[in-house]
Amino acid sequence: MPEYVLSLECDERRGIVHSLTGALLDHGGDIRELKQFDDALSRRFFLRVEFELEPEALEDLRAEIERLGADLDAKWNLWPKGEKRRVLVMVSKFEHCLNDLLFRARIGELPVDIAAVVSNHPDHRELVEWHHVPFFRIPVTPETKPEAEGKLLDLVDRFEIDLVVLARYMQVLSDDLARELTGKAINIHHSFLPSFKGAKPYHQAYERGVKTVGATAHFVNSELDEGPIIAQAVTEVDHAFGPQDLVAAGRDTECKALSNAVKWHCEGRVFLNGKRTVVLR
């Protein structure tokens with residue numbers, strides 16, 4: 001039978017799981033995976049369930065979930081498992097995260113359709129077009145930033161984008177654009193922030209003799225590199241690692257953290273919970 005995914009969040013109350021699983025049972029659904037989390041501090045409930053269902057029962061089940069969702073004042077979504085999300089990737093001159101996402105999407109490891117790539121530099125056009133993905137160069141200066149961001153939003157609408165991924169895009173988004181993309185844009189940065197800000201963070205880390213290299217993938221918000229964290233990756237290093245060795249190790253952690261965040265988000269496993277996230281994986 002076809003498989004579907006239901007995600008739901010609402011205020012805590014008794015009987016939520018009972019009601020939802022009962023609805024699935026009544027309509028012939030067979031649960032394959034169910035994960036939930038009750039946040040004792042925010043008093044919010046989060047649930048994600050994968051299930052099999054005969055296609056002819058889907059609309060009746062959807063109507064039942066809609067009724068339950070209204071009663072719970074819940075945010076919910078129901079979609080076919082494996083349905084690909086439409087993604088727009090933004091990149092500057094560092095191409096490792098872009099290349100990793102293109103490859104993982106190409107082999108089916110990520111449930112995404114990379115619909116377009118936007119860059120403020122022309123460097124990666126050949127790589128992107130080799131993957132048969134449209135490439136758009138949108139230069140950015142302080143004077144043209146509002147116009148450039150307007151062009152970006154036009155592309156988001158034109159390609160019906162579900163998620164924007166900043167794959168080492170080295171331009172700060174305006175507060176207005178960050179608000180526009182709330183919950184729909186993911187960024188990657190090295191986890192040395194805020195310890196090693198500015199230019200050449202890995203060289204700064206080398207001078208301090210760091211023993212781990214890490215990266216953090218997070219939702220974009222109006223606070224630079226401080227949005228709700230989705231995924232992190234770390235790797236151990238030691239005194240034998242020179243600056244370029246740290247850069248290489250950092251590339252690997254950035255790719256891994258970003259691809260995990262994109263995968264979990266597009267599978268409906270990530271929920272915003274105030275300034276934090278809940279990731280049901």
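This dialogue introduces the reading of one predicted protein model, feature by feature.

User: What kind of model is this, and how are its residues numbered?

Analyst: This is a predicted model, in which local features need pLDDT of at least 70 and side-chain atom pairs count only at pLDDT 80 or more, while totals for chains, interfaces and linings use all residues. Residues are numbered from 1 along each chain as its sequence is written, and side-chain values use heavy atoms, with hydrogens and water left out.

User: How many helices and strands does the protein chain have?

Analyst: Helices (H or I, at least four residues) and strands (E, at least two) are DSSP runs, numbered from the N terminus. By that rule the protein chain has eight helices and 13 strands.

User: What radius of gyration does the protein chain have, and what would a compact globule have?

Analyst: The radius of gyration is taken over C-alpha atoms, and the globule rule is 2.2 Å times the number of residues to the power 0.38. For 281 residues the rule gives a value near 19 Å; the protein chain has 21 Å, which agrees. Along its principal axes, the C-alpha trace spans about 60 × 40 × 35 Å.

User: Which share of the residues is buried, and what is the accessible surface?

Analyst: A residue is buried under 20% relative accessible area, exposed over 50%, and partly exposed in between (1.4 Å probe, protein chains only). Buried residues make up 48% of the 281 residues in the protein chain. Accessible areas come from the Shrake-Rupley method with a 1.4 Å probe, and for residues only the protein chains shown count as cover. The accessible surface of the protein chain comes to about 14600 Å², and carbon and sulfur atoms hold 48% of that surface.

User: How many positive and negative side chains are there?

Analyst: Lys and Arg count as positive and Asp and Glu as negative, whereas His and the chain ends are not counted. A charge is placed at NZ of Lys, CZ of Arg, CG of Asp or CD of Glu. The protein chain has 36 positive and 47 negative side chains, with the centres of the two sets 4 Å apart.

User: Which share of the contacts joins residues 24 or more positions apart?

Analyst: Contact means heavy atoms within 4.5 Å. Among contacts with a separation of 6 or more in the protein chain, 67% are between residues 24 or more positions apart. Leu78, in strand 4 (residues 75–80), offers a local case. At 6% relative accessibility, Leu78 counts as buried. Leaving aside neighbours within four places in sequence, Leu78 is in contact with Tyr4, Val5, Leu6, Phe51, Leu58 and Arg62. The C-alpha atoms of Leu78 and Arg62 are 7.7 Å apart, with their positions 16 residues apart in sequence.

User: Is helix 3 largely enclosed or open, and which residues of helix 3 are buried?

Analyst: Eight of the 11 residues of helix 3 are buried, so this helix is largely enclosed by the rest of the structure. The buried residues are His96, Cys97, Leu98, Asp100, Leu101, Leu102, Arg104 and Ala105. These residues pack against several elements, including strand 5 (85–91), strand 6 (112–119) and helix 8. Phe103 also lies in helix 3 (residues 96–106), but Phe103 is partly exposed, with a relative accessible area of 46%. Just after helix 3, Gly108 takes a positive phi of about 85 degrees.

User: What span should helix 8 have, and where do Ala249 and Pro243 fit in?

Analyst: The expected span of a helix is 1.5 Å times one less than its number of residues. Helix 8 (residues 243–266) has 24 residues and should span 34 Å; its end C-alpha atoms are 34 Å apart, which agrees. Ala249 lies in helix 8 and is buried, with a relative accessible area of 10%. Not counting residues up to four places away in sequence, Ala249 touches Val213, Thr235 and Val237. Pro243, also found in helix 8, counts as partly exposed at 23% relative accessibility. With the same exclusion of residues up to four places away, Pro243 touches Tyr202, His203 and Tyr206.

User: Which residues have a positive phi although they are not glycine?

Analyst: Most residues other than glycine have a negative phi. Asp73 has a positive phi of about 55 degrees; it lies in the loop between helix 2 (58–72) and strand 4 and is exposed, with a relative accessible area of 67%. Arg168 has a positive phi of about 65 degrees and is found in the loop between strand 8 (163–166) and helix 6 (175–180). At 13% relative accessibility, Arg168 counts as buried.
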